[in-house]
Amino acid sequence: MDYPSLKLLHLIAAATWLSGLVGNGLAVALLAGSTSAGSRALLGSLCTWNRWVTLPAALLLLAAGASIAWVGGWLVMPWLWIKLALVAALLPVQIGLGRALRQMAGGDATAPSMLLRVAAPAVFCAGLIIGVLALTKPAWSA
């Protein structure tokens, strides 16, 4: 696959993954404690979306990103390591949101943790920082 195609694939996967995480975070925050049938159906649909769209997008993002970093020769760049740290921090958030969605869809009225209730804005901010780092590729000296 050529470099422009890899970048496009990476961008589409990133947009899909981050929007899925923000959507899941909003659902967890807004529907916490709700046990209505409609809420449970919506949460069940989000669980399916998370399993078949958001999670594969994360895997595709990682694979395409690793390929781009290798081809671009950016593995020694500090901005890339900061970006990778933010992505690595979002992976457990995805796991926690997926678990919370499944529990809430199953009728568990236990309130999710505060971290999961603020996941949507946190993911949005992390996504902005990741995007700025990717676009600017700052050249910091050590």
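This report describes the fold, one helix pair and the nonpolar cores of a predicted model.

## Overall fold

The chain has five helices and zero strands, and its elements, read along the sequence, follow the pattern α-α-α-α-α. Its C-alpha atoms fill a box of roughly 50 × 35 × 15 Å when taken along the principal axes. Of the 142 residues in the chain, 36% are buried, and among contacts with a separation of 6 or more, 84% join residues that lie 24 or more positions apart.

## The α2 and α3 pair

Helix α2, spanning residues 37–72, packs against helix α3, spanning residues 78–105, at an angle of about 160°, with the two axes 10 Å apart. Angles over 145 degrees count as roughly antiparallel, and α2 and α3 are therefore roughly antiparallel to each other. The crossing in which α2 passes α3 is left-handed.

On the α2 side the contact includes R40, L43, C47, R51, L55 and L62, while the residues met in α3 include L80, V87, L91, Q94, L101 and M104. The residues of this contact divide into 13 nonpolar, five polar and three charged.

## Nonpolar cores

The largest nonpolar core has 27 residues, and those with the most contacts inside it are W17, V28, L43, L90, L97 and L101. Two or more residues of this core come from each of α1 (3–31), α2, α3 and α5 (119–136). Leaving aside residues up to four places away in sequence, L97 touches L21, N24, G25, V28, L116 and A119.

A second, separate core has eight residues, among them A64, I68, W79 and L133.

Note on methods
Residues are numbered from 1 along each chain as its sequence is written. This is a predicted model: local features need pLDDT of at least 70, side-chain atom pairs count only at pLDDT 80 or more; totals for chains, interfaces and linings use all residues. Side-chain values use heavy atoms; hydrogens and water are left out. Axes are lines fitted to C-alpha atoms, for helices over the stretch in contact, and angles run from 0 to 180 degrees between N-to-C directions. Helices (H or I, at least four residues) and strands (E, at least two) are DSSP runs, numbered from the N terminus. Angles under 35 degrees count as roughly parallel, over 145 as roughly antiparallel, 65 to 115 as roughly perpendicular and the rest as oblique. A crossing is left-handed if the near helix is turned anticlockwise from the far one by less than a right angle, and right-handed if clockwise. Contact means heavy atoms within 4.5 Å. Ala, Val, Leu, Ile, Met, Phe, Trp, Tyr, Cys and Pro count as nonpolar, Asp, Glu, Lys and Arg as charged, and the others, Gly among them, as polar. A nonpolar core is a set of buried Ala, Val, Leu, Ile, Met, Phe, Trp, Tyr and Cys residues joined through side-chain atoms within 4.5 Å. Buried means under 20% relative accessible area, exposed over 50%, partly exposed in between (1.4 Å probe, protein chains only).
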